[in-house]
Structures are given as structure tokens and as C-alpha cells.
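These are my notebook entries on one protein chain. I record below what I looked up, topic by topic.

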Amino acid sequence: MRGTVRASLGLVALLALLPATQARAQVAAAVDSGQLVVFENDVPVATERNVFQNMGDSLVVVATIRRDFVDEHGTHHPLRKSMMLVVDSRDLGLIRYLSTQDFDDHQIVRGLIPGDTSMTYYIEMDGGGNADRVVQPPGRLFVMDSQMFTLFDVLSRSLAHKTFTSRRVQLLALQPDSLASPLATVTALGADTLVVGRSKQAVKHFAFEDQSARFELWADAQGRLVRLSHAESGLRVERLPAPASPAKKPPAVKKAGAATAH
């Protein structure tokens with residue numbers, strides 16, 4: 001696994017639908033947390049929870065997804081996958097990435113450690129594996145990893161408060177047994193409105209694509225992912241709206257002339 005290879009968003013979309021083959025000293029301040037629900041052809045199939053934590057110069061993103069795959073014999077295959085992404089708090093540029101997947105009695109660990117001109121990519125299965133130094137693409141790097149949709153959330157946040165027609169995005173796609181570096185294009189499609197929960201929400205609409213596949217993303221004013229869709233596969237990811245805060249009861253008003261205890 002020397003050098004870099006090319007891949008497509010079509011592969012990323014496929015990996016999103018299928019399971020992959022087989023301690024910090026600082027006190028973190030939570031920026032926000034959320035929950036993503038994954039749908040296939042309008043049927044909910046998975047839930048992903050994430051937390052964004054401010055660590056000063058860096059932002060730590062932690063997410064966990066749970067899903068239950070059912071084969072043609074009706075046998076259930078539960079999947080649990082978690083990841084920790086460390087990015088620069090200013091521009092969300094990649095600093096470190098680690099993911100752990102438990103599926104079919106196997107555990108797969110993948111990681112990325114970028115450098116100046118090269119980076120380390122490692123993969124372990126059930127405690128054994130290898131690491132390689134590969135050529136690092138230039139510019140900011142955004143990770144794509146099977147099942148981890150919070151990574152799209154990180155990408156959409158990098159677009160917040162930016163004005164553009166289209167821009168290139170350098171991806172690092174973690175495949176079952178290799179690392180790929182597709183170059184994608186994000187196109188701004190303008191303002192839009194989505195129904196979120198019981199209310200309408202103003203959002204920004206983007207297309208995220210390469211020559212083989214097209215995703216559509218909708219993000220709120222802070223850049224948080226509100227919806228992701230891949231029309232060809234029927235994949236859709238929705239951010240659950242934050243629960244409404246309970247209404248505060250007005251303070252009790254004393255009746256005129258009421259006795260006061262001494």
C-alpha cells in the first residue's frame with residue numbers, strides 16, 4: 001500500500017450501505033452534540049450520536065453508530081462503530097483520525113496520522129495488522145469512513161460562512177483494505193427550506209460529487225448537517241431536532257392581604 005490511489009464517491013456511497021469487510025489531559029468543553037438517523041428507502045436502519053468538543057486549538061469529534069444488518073436467512077448481524085476525529089479548530093483541517101468497528105465477531109481499527117508531506121495509515125484486525133507511510137495530498141484533508149456520517153457533518157461545517165460557487169475538496173477514503181484519495185467538488189445550490197420536526201428551517205443546499213456519484217447536503221446557519229441524501233441508493237440521513245426546552249412556569253403571585261409568616 002505505497003503511494004496514493006484514486007477512488008470515487010460511488011465507492012464511498014456503497015461503503016455507506018454495506019458493512020466493511022473484515023485519554024486526553026485537557027478538560028473538553030462541549031460545543032454541541034447531536035443525533036443522526038440513517039434511512040434506506042425511507043426505512044430507519046441506524047442511529048449515530050456525536051459530540052463536538054472544543055480543546056482550544058483543536059476540535060475533538062466523537063461519534064458512535066449502531067446498526068443491525070439482517071441477511072437473507074433472517075440472521076441478525078449487529079454492527080457497532082465509533083470514531084474520534086481531531087481537527088484544527090480554525091479551519092477543521094485533519095490532525096488525527098481513529099475508528100473502531102465491531103462486526104461479526106471481528107474488530108477492525110483504522111487510523112490516520114498526517115504529517116508534512118506524508119502520512120501514516122494503519123489498519124488492524126483482531127489485534128494484528130500493519131501501517132504504511134503514504135504520500136499526503138496537499139491542502140485540507142477530510143476523512144470518509146464507512147458508516148460514519150458525522151464525517152459529512154464535519155465537511156458541511158467547514159463550508160459555513162463561506163461564499164463560493166464551487167470548490168474542490170480533498171478526501172481520504174478509508175476502504176476495507178486500502179486508502180484512497182478522491183478529489184470531490186462541492187457546489188453551492190443556494191438557500192432552501194426543510195421541514196424539521198414540526199417546523200420549517202432555513203438551510204443552505206450543496207451538491208457533493210465526483211464523476212461517479214452525487215450526494216446532496218443541507219446545512220443550517222452554523223454549518224451543521226441537517227440532511228444528507230444519495231438518491232440512487234435511497235440513502236438519507238436526518239439530524240434529529242433538539243428537544244424543546246420545557247416552558248418555565250411563571251412565578252407565583254401573592255394575593256393582596258395574604259398573611260406573612262414570621
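Before placing any residue relative to an element, I note the convention: helices (H or I, at least four residues) and strands (E, at least two) are DSSP runs, numbered from the N terminus. I also note that the model is predicted.

**Entry 1. Overall make-up and confidence**

I counted the elements and found 2 helices and 16 strands in the protein chain. The chain has 262 residues, of which 46% are buried. I then looked up the exposed surface: about 14300 Å², with carbon and sulfur atoms supplying 53% of it.

The mean pLDDT of the chain is 85, and 81% of the residues score at least 70. Among the elements, helix α1 (residues 9-17) has the lowest mean pLDDT, 53, while strand β15 (residues 225-230) has the highest, 97. I marked two stretches with pLDDT below 50. Residues 1-7 form one of them, with 23 contacts in the model beyond near neighbours in sequence. Residues 258-262 form another, and this stretch has 0 such contacts. I keep in mind that predicted coordinates should not be read in detail where pLDDT is low.

**Entry 2. Strands β5, β6 and β7**

I followed the chain through three strands. Strand β5 (residues 94-103) pairs with strand β6 (residues 106-114) in the antiparallel sense, over 7 bridges. In this pairing, Q101 has I108 of β6 as its bridge partner. Strand β6 is also joined to strand β7 (residues 118-125), again antiparallel, by 7 bridges. Here I113 has T120 of β7 as its bridge partner. A hairpin through 3 residues connects β6 to β7.

The hairpin of β5 and β6 has 2 residues between the strands, and D104 takes a positive phi near 50 degrees there. D105 lies in the loop between β5 and β6, and its phi is also positive, near 65 degrees. I noted these values since most residues other than glycine have a negative phi. Is D105 buried or exposed? Its relative accessible area is 82%, and exposed means over 50%, so D105 is exposed.

I recorded H161 under the heading of positive phi as well: its value is near 65 degrees. H161 sits in the loop between α2 and β10 (166-174). With 69% relative accessibility, H161 counts as exposed.

**Entry 3. Helix α2**

How many residues of helix α2 are buried? I found 8 of the 8 residues (150-157) buried, so the helix is largely enclosed by the rest of the structure. The buried residues include D153, S156 and R157 as well as L151, F152 and L155.

**Entry 4. Nonpolar cores**

The largest nonpolar core has 51 residues, and L85, Y97, L112, F149, F152 and F208 touch the most other members. Strand β3 (residues 58-70) contributes the largest share of this core, 5 residues. Another core lies apart from it, with 5 residues, among them V196, V203, W218 and V226. As a general point, nonpolar side chains in soluble globular proteins tend to be buried together.

**Entry 5. Aromatic pairs**

I searched the whole structure and obtained 6 aromatic pairs. In the pair of F149 and F152, the ring centres are 6.4 Å apart and the planes are at 20 degrees, so the pair is stacked. Both F149 and F152 are buried. F164 and F206 form another stacked pair, 6.0 Å centre to centre with 15 degrees between the planes. This pair links distant parts of the chain, 42 residues apart: F164 is in the loop between α2 and β10, and F206 is in strand β13 (residues 199-209). F164 and F206 are both buried.

I also traced a cluster in which ring pairs link F149, F152, F208 and F215. Three of these names, F149, F152 and F208, appear among the core residues that touch the most other members.

**Entry 6. D192 and its surroundings**

D192 belongs to strand β12 (residues 183-196). It is partly exposed, with a relative accessible area of 28%. Which residues does D192 contact, leaving aside its neighbours within four places in sequence? I listed Q201, A202, V203, H205 and W218. D192 and W218 are 26 residues apart in sequence, while their C-alpha atoms are 8.2 Å apart in space. V203 and W218 are also members of the 5-residue core.

Definitions and conventions:
Residues are numbered from 1 along each chain as its sequence is written. This is a predicted model: local features need pLDDT of at least 70, side-chain atom pairs count only at pLDDT 80 or more; totals for chains, interfaces and linings use all residues. Side-chain values use heavy atoms; hydrogens and water are left out. Two strands pair if DSSP finds at least two bridges between them. Buried means under 20% relative accessible area, exposed over 50%, partly exposed in between (1.4 Å probe, protein chains only). Accessible areas come from the Shrake-Rupley method with a 1.4 Å probe; for residues, only the protein chains shown count as cover. A nonpolar core is a set of buried Ala, Val, Leu, Ile, Met, Phe, Trp, Tyr and Cys residues joined through side-chain atoms within 4.5 Å. pLDDT is the predictor's confidence in each residue, from 0 to 100. Contact means heavy atoms within 4.5 Å. Rings of Phe, Tyr and Trp (its six-membered ring) pair if their centres lie within 6.5 Å; planes under 30 degrees apart count as stacked, over 60 as edge-to-face and the rest as tilted.
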